[in-house]
Amino acid sequence: MTYFTTEIARRSVSCSVVILKAPAIMAVIEISPDFGWVIMVFIASQFVLMWMGIKVGSARKKYDVKYPKMYSDTSDMFNCIQRAHQNTLENYTVFIVLMLIAGVVYPRLAAVCGAVYVVSRIVYAQGYYTGDPKNRLKSAFGYIGLFILIGTNIYIAISMLGFV
Amino acid sequence: MTYFTTEIARRSVSCSVVILKAPAIMAVIEISPDFGWVIMVFIASQFVLMWMGIKVGSARKKYDVKYPKMYSDTSDMFNCIQRAHQNTLENYTVFIVLMLIAGVVYPRLAAVCGAVYVVSRIVYAQGYYTGDPKNRLKSAFGYIGLFILIGTNIYIAISMLGFV
Amino acid sequence: MTYFTTEIARRSVSCSVVILKAPAIMAVIEISPDFGWVIMVFIASQFVLMWMGIKVGSARKKYDVKYPKMYSDTSDMFNCIQRAHQNTLENYTVFIVLMLIAGVVYPRLAAVCGAVYVVSRIVYAQGYYTGDPKNRLKSAFGYIGLFILIGTNIYIAISMLGFV
């Protein structure tokens, strides 16, 4: 009886899978309400990106770097401000996907690591904005968040594949 | 009895979760078939990116900007074409992740907002291609789509966390 | 009776969905353990990006291109190394999202296509590092992986929407 109802439960799920033409049922993604924190960190990261973009906009006026020029030939200060934004963008996709995948299984851990990383990017930009590129390196603590996210992703992958 | 079978149903789900070493069952993601529209908009956005890339390729020939040079020192027209593509790429990750997260819960709304944004990027590029960077601002309506997606993401996050 | 227990099973699922304020249950995402391969390819792609970043870092010393300068005015060799990294980043978001969406439904196919694409980016960079931009085109086989991922995404979308 117990087994029977379980089967029914399974069937009610597998019906919907036909829509996706998926082969066989293996695992179901469950999202903890704590995943809300992951989305919050994602939203926060966008505001950090917007802030960096606004900084570049102001610097364009201050250092007279008109569109469509990307970098200044004369002002290293402008280029520092531009690079702070661009470097963050260059690393952004990897960060967000790492956090989202980790967040499906370990939402709180992912959100904390994500928050550490996002804060580190503010420190990175503030350092770069001094005009001395070396100061951007004070954000190195952000790698702690990033490396834990990478480790979590690897752990999830090898767990799914049954290697641990 | 009812309670009992519910438990069974829950258990049939939790079995598979063991694979992911997830803690406790909280919520299950359900994807509406309408999510297909979200994927369609994602595919459309790629063709828009390809079109912008092809424009840059043609402009490289026309304005004689050889690889590996990124920007021209002499042609602002080329730089406008290059920047239209690059700026779209710089904003792309945020847009796609916003649309995908919103799309899991509100697929039609997400697809419509996404489509508005993708069309706005075509207008952005067409404006930039005139050679006068100011004309790219005619795409401002795209922010409507983007801001609704941001609002939807915030709403989903605070709903999950039980704040509303 | 059978119908009744099915209803219960549905209800046990729909309870949790209330958290997300989702409208009606349509389909449930199921993740095959094989999705672990997709995550593995994603992790591998990050190491390829890191390797490209390290190459740029070494080239900055060798060709004396100091931060915050992005491109060299004198060394095309440096610009080739910089562009190999940047072009990979420019195409990265589209690639990752394509692989993840395809991977939810067809994890093995997505992982194989993803692996082909990631290897092609190594070939792209190695070609670009010769200093002759034409050599980057030896990576064209990567488009096979990419186009199959695009086709798979389109097929998933139209399947979900009931067009096939």
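pLDDT is the predictor's confidence in each residue, on a scale from 0 to 100. I start there, since I am working with a predicted model.

**Entry 1: confidence**

I looked up chain A before anything else. Its pLDDT averages 86, and 83% of its residues score at least 70. The weak stretch I noted is residues 1–26 of chain A, where pLDDT stays under 50. The model still has 47 contacts beyond four places in sequence for that stretch. For the complex, I copied down an ipTM of 0.84 and a pTM of 0.86 from the predictor.

**Entry 2: chain A overall**

I went through the secondary structure of chain A and found six helices and zero strands. Read from the N terminus, the order is α-α-α-α-α-α. Of its 164 residues, 45% count as buried. I also checked how far the contacts reach along the chain. Taking contacts between residues at least 6 apart in sequence, 66% join residues at least 24 apart.

**Entry 3: the loop between α2 and α3**

Next I checked peptide bonds. In chain A, Tyr67 and Pro68 are joined by a cis peptide bond, with omega about 0°. A:Pro68 lies in the loop between α2 (35–62) and α3 (76–90) of chain A. I then looked at chain B, where the bond from B:Tyr67 to B:Pro68 is cis, with omega near 0°. B:Pro68 is placed in the loop between α2 (35–62) and α3 of chain B.

B:Asp64 belongs to the loop between α2 and α3 of chain B. I flagged it for a positive phi of about 50°, although it is not a glycine. Buried or exposed, I wondered about B:Asp64? It has 12 other C-beta atoms within 10 Å, and the cut-off for exposed is 12 or fewer, so B:Asp64 is exposed.

In chain C I found C:Asp64 with a positive phi of about 50°, and it is not a glycine. C:Asp64 sits in the loop between α2 and α3 (76–90) of chain C. With 12 C-beta neighbours inside 10 Å, C:Asp64 counts as exposed.

**Entry 4: α3 against α5 in chain B**

I picked out helix α3 (residues 76–90) and helix α5 (residues 107–128) of chain B, which pack at an angle of about 160° with their axes 8 Å apart. Over 145 degrees counts as roughly antiparallel, so that is what α3(B) is to α5(B). Their crossing is right-handed. On the α3(B) side the contact is made by B:Cys80, B:Arg83, B:Ala84 and B:Thr88; α5(B) brings B:Arg121, B:Tyr124, B:Ala125 and B:Tyr128. I sorted these residues into five nonpolar, one polar and two charged.

**Entry 5: α4 against α6 in chain C**

Over in chain C, I looked at helix α4 (residues 92–105) and helix α6 (residues 142–160). Their axes come within 9 Å and cross at roughly 55°. I therefore logged α4(C) and α6(C) as oblique to each other. α4(C) passes α6(C) in a left-handed crossing. Residues making the contact include C:Phe95, C:Leu98 and C:Met99 of α4(C), and C:Leu146, C:Leu149 and C:Ile150 of α6(C). By class, the contact has ten nonpolar, two polar and no charged residues.

**Entry 6: one serine in chain C**

Last, I looked up C:Ser45, which is in helix α2 (residues 35–62) of chain C. How many other C-beta atoms are within 10 Å of C:Ser45? I noted 22, and 20 or more is the cut-off, so C:Ser45 is buried. C:Ser45 is ten residues from C:Phe35 in sequence, and their C-alpha atoms are 15 Å apart in space.

Terms used:
Residues numbered from 1 in each chain as written. Chains lettered and ligands numbered in written order. Predicted model: local features only at pLDDT ≥ 70, side-chain atom pairs only at ≥ 80, totals over all residues. Axes fitted to C-alpha atoms, helices over the stretch in contact; angles between N-to-C directions. Helix = DSSP H or I, 4+ residues; strand = E, 2+ residues; numbered from the N terminus. Parallel < 35°, antiparallel > 145°, perpendicular 65-115°, else oblique. Left-handed = near helix turned anticlockwise from the far one by under 90°. Contact = placed C-beta atoms within 7 Å. Nonpolar A, V, L, I, M, F, W, Y, C, P; charged D, E, K, R; others polar.
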